[in-house]
Amino acid sequence: MRGIVNAYLFRTDRVKLAEVTAETPLFGKEHGIEYHRDQHEYNSDAQNPKVFNASRGRDEEIYKRAAQVALFNVSAAGEDEGEPLVLYCVNNHFKSGPNKFVARRRAQADYTAAIVKAIQKVDKDALIAVGGDFNVYPRPNDPFRPSEEEYPSDQLKSLYEAGLFNLHDYMLDKHPEGAYSYVWAGQAQTLDQIFVTPSLKRLIRACAVAHINADWAPEYLTEAARAASDHDPVMATFSLN
(Lines give C-alpha, C1' and ligand atoms only; values in the text may rest on other atoms or scores of the structure.)
Protein backbone atom coordinates (compact mmCIF):
# COMPACT_ATOMS: atom_id res chain seq x y z
CA MET A 1 0.00 0.00 0.00
CA ARG A 2 2.99 2.27 0.53
CA GLY A 3 4.87 0.93 -2.44
CA ILE A 4 7.04 -1.03 0.02
CA VAL A 5 6.83 -4.80 0.31
CA ASN A 6 8.81 -7.36 2.29
CA ALA A 7 10.79 -9.82 0.19
CA TYR A 8 12.78 -13.06 0.34
CA LEU A 9 16.13 -13.92 -1.19
CA PHE A 10 16.93 -17.63 -1.25
CA ARG A 11 19.30 -20.14 -2.82
CA THR A 12 17.53 -21.72 -5.75
CA ASP A 13 19.83 -24.76 -5.79
CA ARG A 14 18.85 -25.83 -2.26
CA VAL A 15 15.59 -24.04 -1.55
CA LYS A 16 12.33 -24.14 -3.48
CA LEU A 17 9.04 -22.35 -2.96
CA ALA A 18 6.43 -25.04 -2.34
CA GLU A 19 3.65 -25.30 -4.88
CA VAL A 20 0.26 -24.32 -3.46
CA THR A 21 -3.35 -24.52 -4.62
CA ALA A 22 -6.65 -23.11 -3.40
CA GLU A 23 -6.87 -26.18 -1.13
CA THR A 24 -3.48 -25.70 0.58
CA PRO A 25 -3.92 -24.75 4.27
CA LEU A 26 -2.99 -21.13 5.03
CA PHE A 27 -1.74 -20.50 1.48
CA GLY A 28 -5.06 -21.31 -0.16
CA LYS A 29 -8.62 -20.08 0.20
CA GLU A 30 -9.02 -21.22 3.83
CA HIS A 31 -6.20 -19.37 5.57
CA GLY A 32 -7.27 -20.45 9.06
CA ILE A 33 -6.07 -17.31 10.85
CA GLU A 34 -8.29 -16.58 13.83
CA TYR A 35 -8.48 -12.88 14.56
CA HIS A 36 -11.11 -10.69 16.19
CA ARG A 37 -11.28 -8.13 13.35
CA ASP A 38 -12.07 -8.35 9.66
CA GLN A 39 -9.27 -9.75 7.56
CA HIS A 40 -8.25 -8.53 4.12
CA GLU A 41 -9.87 -10.19 1.11
CA TYR A 42 -6.46 -11.09 -0.39
CA ASN A 43 -5.87 -13.38 2.60
CA SER A 44 -7.90 -15.95 0.62
CA ASP A 45 -5.74 -15.82 -2.50
CA ALA A 46 -3.73 -18.93 -3.38
CA GLN A 47 -0.16 -17.66 -3.32
CA ASN A 48 3.30 -18.48 -2.02
CA PRO A 49 4.73 -16.25 -0.65
CA LYS A 50 1.51 -14.72 0.61
CA VAL A 51 0.75 -11.46 2.37
CA PHE A 52 -1.74 -11.25 5.24
CA ASN A 53 -3.49 -8.28 6.79
CA ALA A 54 -6.52 -7.40 8.91
CA SER A 55 -8.57 -4.40 9.90
CA ARG A 56 -7.59 -2.20 12.80
CA GLY A 57 -10.80 -0.21 12.62
CA ARG A 58 -11.57 3.26 11.25
CA ASP A 59 -10.85 2.07 7.68
CA GLU A 60 -7.29 1.32 8.73
CA GLU A 61 -5.33 -1.91 8.47
CA ILE A 62 -2.90 -3.38 10.97
CA TYR A 63 0.10 -3.38 8.67
CA LYS A 64 1.21 -0.67 6.30
CA ARG A 65 3.77 -3.25 5.16
CA ALA A 66 1.83 -6.49 5.33
CA ALA A 67 3.33 -9.62 6.88
CA GLN A 68 4.56 -12.01 4.20
CA VAL A 69 4.60 -15.76 4.78
CA ALA A 70 6.57 -18.22 2.66
CA LEU A 71 6.56 -22.00 2.56
CA PHE A 72 9.93 -23.44 1.52
CA ASN A 73 11.21 -26.93 0.78
CA VAL A 74 14.86 -27.15 1.82
CA SER A 75 16.97 -29.92 0.31
CA ALA A 76 20.26 -31.49 1.30
CA ALA A 77 23.38 -30.85 -0.81
CA GLY A 78 22.08 -33.22 -3.46
CA GLU A 79 18.49 -32.70 -4.55
CA ASP A 80 17.84 -36.46 -4.56
CA GLU A 81 18.98 -36.98 -0.95
CA GLY A 82 15.75 -37.79 0.84
CA GLU A 83 12.63 -35.75 1.44
CA PRO A 84 13.07 -31.97 1.63
CA LEU A 85 12.60 -30.25 4.95
CA VAL A 86 9.54 -27.98 5.22
CA LEU A 87 10.24 -24.49 6.55
CA TYR A 88 7.81 -21.62 7.17
CA CYS A 89 9.10 -18.05 7.27
CA VAL A 90 7.11 -15.02 8.41
CA ASN A 91 8.60 -11.72 7.23
CA ASN A 92 7.66 -8.59 9.19
CA HIS A 93 8.22 -4.85 9.27
CA PHE A 94 6.43 -3.31 12.26
CA LYS A 95 5.58 0.36 12.71
CA SER A 96 8.63 2.45 13.68
CA GLY A 97 9.18 4.43 16.88
CA PRO A 98 9.67 2.19 19.97
CA ASN A 99 7.99 4.68 22.33
CA LYS A 100 5.23 5.65 19.88
CA PHE A 101 2.44 3.75 18.11
CA VAL A 102 2.39 1.20 20.93
CA ALA A 103 -1.17 0.01 20.29
CA ARG A 104 -0.47 -0.53 16.58
CA ARG A 105 2.66 -2.58 17.28
CA ARG A 106 0.81 -4.66 19.87
CA ALA A 107 -1.86 -5.38 17.23
CA GLN A 108 0.86 -6.31 14.73
CA ALA A 109 2.39 -8.71 17.26
CA ASP A 110 -1.05 -10.17 18.02
CA TYR A 111 -1.77 -10.79 14.35
CA THR A 112 1.69 -12.24 13.70
CA ALA A 113 1.13 -14.65 16.59
CA ALA A 114 -2.23 -15.60 15.03
CA ILE A 115 -0.40 -16.47 11.78
CA VAL A 116 1.96 -18.74 13.73
CA LYS A 117 -0.96 -20.46 15.45
CA ALA A 118 -2.68 -21.01 12.10
CA ILE A 119 0.43 -22.81 10.85
CA GLN A 120 0.62 -24.90 14.01
CA LYS A 121 -3.00 -25.99 13.61
CA VAL A 122 -1.84 -27.73 10.42
CA ASP A 123 1.49 -28.95 11.86
CA LYS A 124 2.01 -28.56 15.60
CA ASP A 125 5.76 -29.19 15.25
CA ALA A 126 6.26 -26.95 12.22
CA LEU A 127 9.63 -25.30 11.74
CA ILE A 128 8.77 -21.58 11.77
CA ALA A 129 11.02 -18.52 11.73
CA VAL A 130 9.42 -15.13 12.40
CA GLY A 131 11.82 -12.32 11.60
CA GLY A 132 12.22 -8.73 10.56
CA ASP A 133 12.39 -5.18 11.83
CA PHE A 134 10.06 -5.18 14.83
CA ASN A 135 10.95 -1.56 15.63
CA VAL A 136 10.85 -2.22 19.37
CA TYR A 137 13.19 -3.91 21.81
CA PRO A 138 12.97 -7.54 22.94
CA ARG A 139 12.14 -8.50 26.50
CA PRO A 140 12.92 -7.30 29.11
CA ASN A 141 13.88 -3.95 27.58
CA ASP A 142 11.24 -1.26 27.32
CA PRO A 143 11.35 2.26 25.85
CA PHE A 144 9.33 3.71 28.73
CA ARG A 145 10.34 4.85 32.21
CA PRO A 146 8.37 3.32 35.11
CA SER A 147 6.68 6.67 35.73
CA GLU A 148 5.13 6.76 32.26
CA GLU A 149 1.58 5.64 31.65
CA GLU A 150 2.36 2.90 29.12
CA TYR A 151 5.03 1.19 31.22
CA PRO A 152 5.62 -1.71 30.96
CA SER A 153 4.52 -1.87 27.33
CA ASP A 154 5.73 -5.44 26.53
CA GLN A 155 4.83 -4.86 22.89
CA LEU A 156 6.00 -8.27 21.61
CA LYS A 157 4.19 -10.15 24.36
CA SER A 158 1.99 -12.14 21.95
CA LEU A 159 5.00 -13.63 20.17
CA TYR A 160 6.51 -14.86 23.43
CA GLU A 161 3.15 -16.21 24.61
CA ALA A 162 2.77 -18.10 21.31
CA GLY A 163 5.74 -20.19 22.46
CA LEU A 164 8.30 -18.55 20.21
CA PHE A 165 11.92 -18.14 21.30
CA ASN A 166 13.73 -14.90 20.52
CA LEU A 167 17.24 -15.58 19.22
CA HIS A 168 18.29 -12.31 20.85
CA ASP A 169 18.36 -14.33 24.10
CA TYR A 170 20.68 -16.83 22.42
CA MET A 171 23.05 -13.99 21.51
CA LEU A 172 22.89 -12.56 25.03
CA ASP A 173 24.10 -15.91 26.30
CA LYS A 174 26.85 -16.40 23.71
CA HIS A 175 28.17 -12.89 22.97
CA PRO A 176 26.12 -10.12 24.63
CA GLU A 177 28.47 -7.33 23.54
CA GLY A 178 27.38 -7.79 19.92
CA ALA A 179 23.63 -8.24 20.48
CA TYR A 180 22.45 -5.01 18.85
CA SER A 181 21.31 -4.12 15.34
CA TYR A 182 20.81 -0.35 15.36
CA VAL A 183 22.46 2.75 16.80
CA TRP A 184 20.47 5.87 17.62
CA ALA A 185 22.09 8.97 19.14
CA GLY A 186 25.06 6.85 20.20
CA GLN A 187 22.91 4.21 21.91
CA ALA A 188 23.04 0.61 20.73
CA GLN A 189 19.57 -0.88 20.29
CA THR A 190 18.01 -4.14 19.14
CA LEU A 191 15.16 -3.63 16.68
CA ASP A 192 15.78 -6.50 14.25
CA GLN A 193 15.01 -9.95 15.62
CA ILE A 194 14.29 -13.56 14.75
CA PHE A 195 11.77 -15.65 16.70
CA VAL A 196 11.66 -19.43 16.21
CA THR A 197 9.43 -22.30 17.28
CA PRO A 198 10.83 -24.87 19.76
CA SER A 199 11.25 -27.37 16.93
CA LEU A 200 13.50 -24.94 15.04
CA LYS A 201 15.29 -23.76 18.20
CA ARG A 202 16.58 -27.31 18.70
CA LEU A 203 18.44 -27.02 15.38
CA ILE A 204 20.21 -23.70 16.09
CA ARG A 205 23.96 -23.71 15.62
CA ALA A 206 24.82 -20.01 15.72
CA CYS A 207 23.27 -16.57 15.69
CA ALA A 208 24.94 -13.16 15.49
CA VAL A 209 24.44 -9.66 14.14
CA ALA A 210 26.68 -8.65 11.24
CA HIS A 211 27.79 -5.13 12.19
CA ILE A 212 28.26 -3.77 8.69
CA ASN A 213 25.95 -0.74 8.87
CA ALA A 214 24.93 0.56 12.30
CA ASP A 215 28.49 1.21 13.53
CA TRP A 216 29.16 3.67 10.72
CA ALA A 217 27.35 6.82 11.81
CA PRO A 218 26.58 9.25 8.93
CA GLU A 219 28.23 12.23 10.63
CA TYR A 220 31.57 10.42 10.55
CA LEU A 221 31.50 9.56 6.86
CA THR A 222 34.01 12.01 5.47
CA GLU A 223 34.86 10.22 2.23
CA ALA A 224 32.18 7.88 0.91
CA ALA A 225 29.21 6.08 2.39
CA ARG A 226 30.28 2.88 4.15
CA ALA A 227 26.82 1.76 5.26
CA ALA A 228 24.17 0.34 2.94
CA SER A 229 21.47 0.71 5.60
CA ASP A 230 20.92 2.05 9.11
CA HIS A 231 20.14 -1.49 10.34
CA ASP A 232 22.40 -4.53 10.67
CA PRO A 233 21.28 -7.98 9.50
CA VAL A 234 20.69 -10.75 12.05
CA MET A 235 22.20 -14.02 10.82
CA ALA A 236 21.15 -17.42 12.16
CA THR A 237 22.58 -20.83 11.23
CA PHE A 238 20.65 -24.08 11.66
CA SER A 239 21.47 -27.74 11.15
CA LEU A 240 18.54 -29.00 9.10
CA ASN A 241 19.32 -32.71 9.10
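Is Asn213 buried or exposed? Asn213 is buried, with a relative accessible area of 7%; here buried means under 20% relative accessible area, exposed over 50%, and partly exposed in between, with a 1.4 Å probe and protein chains only. Asn213 sits in the loop between β12 (204-209) and β13, where helices (H or I, at least four residues) and strands (E, at least two) are DSSP runs, numbered from the N terminus. A polar atom of the Asn213 side chain lies 2.8 Å from the backbone nitrogen of Ala228. For reference, a polar contact is a pair of N or O atoms within 3.5 Å; within protein, one must be able to donate a hydrogen and the other to accept it, and residues adjacent in sequence count only if both atoms are side-chain atoms.

A word on the model itself. This is a predicted model, in which local features need pLDDT of at least 70, side-chain atom pairs count only at pLDDT 80 or more, and totals for chains, interfaces and linings use all residues. Residues are numbered from 1 along each chain as its sequence is written, and side-chain values use heavy atoms, with hydrogens and water left out.

**Strands β5 and β6**

Let us turn to strand β6, which spans residues 85-93. Because 7 of its 9 residues are buried, β6 is largely enclosed by the rest of the structure. One of its partners is strand β5 (residues 67-74), which pairs with β6 in the antiparallel sense over 7 bridges; two strands pair if DSSP finds at least two bridges between them. Strand β7 (residues 127-133) also pairs with β6, in the parallel sense and over 7 bridges. Helix α1 (residues 102-122) joins the picture here: β6, α1 and β7 make a right-handed β-α-β unit. Right-handed means that, with the strands pointing away from the viewer, the path from the first strand over the helix to the second runs clockwise.

Strand β5 is mostly covered too, with 7 of its 8 residues buried. Besides β6, β5 pairs in the antiparallel sense with β1 over 3 bridges and with β2, again antiparallel, over 3 bridges.

You can follow these pairings residue by residue in the table.

| Residue | Opposite residue | Strand of the opposite residue |
|---|---|---|
| Lys16 | Asn73 | β5 |
| Lys50 | Val69 | β5 |
| Leu71 | Tyr88 | β6 |
| Asn73 | Val86 | β6 |
| Tyr88 | Ile128 | β7 |

Tyr88 thus appears opposite Leu71 and opposite Ile128, while Asn73 appears opposite Lys16 and has Val86 as its bridge partner.

**The largest pocket**

Rolling a probe the size of a water molecule over the atoms shows where empty space is left. In this model, the largest pocket holds about 1500 Å³ of space. Of the 46 residues that line it, the closest to its centre are Tyr8, Leu9, Cys89, Ile194 and Ala236. On a 1 Å grid over the protein atoms alone, a pocket is an open set of points where a 1.4 Å probe fits, with protein on both sides within 12 Å along at least five of seven lines; lining residues have an atom within 4 Å of a point. Grid points are joined across faces, edges and corners, and a volume is the space filled by probe spheres set on the points.

Strand β6 returns here, giving the largest share of the lining, 7 residues. At least two lining residues each come from β5, β6, β7, β11 (192-196) and β13 (234-238). By class, the lining has 26 nonpolar, 13 polar and 7 charged residues, where Ala, Val, Leu, Ile, Met, Phe, Trp, Tyr, Cys and Pro count as nonpolar, Asp, Glu, Lys and Arg as charged, and the others, Gly among them, as polar.

**Loops worth a look**

The loop between β1 (15-17) and β2 (50-52) contains Tyr35, which counts as buried at 18% relative accessibility. Pro49 has its place in the loop between β1 and β2, and a cis peptide bond with omega about 0° joins Asn48 and Pro49.

Another cis peptide bond runs from Arg139 to Pro140, with omega near 0°; Pro140 is in the loop between β7 and α2 (157-161). Asn135 is found in the loop between β7 and α2, with a positive phi near 55° and a buried position at 6% relative accessible area.

Phe101, in the loop between β6 and α1, has a positive phi near 55° and is partly exposed at 42% relative accessibility. Finally, Thr197 lies in the loop between β11 and α4 (198-201) and is buried, with a relative accessible area of 1%.
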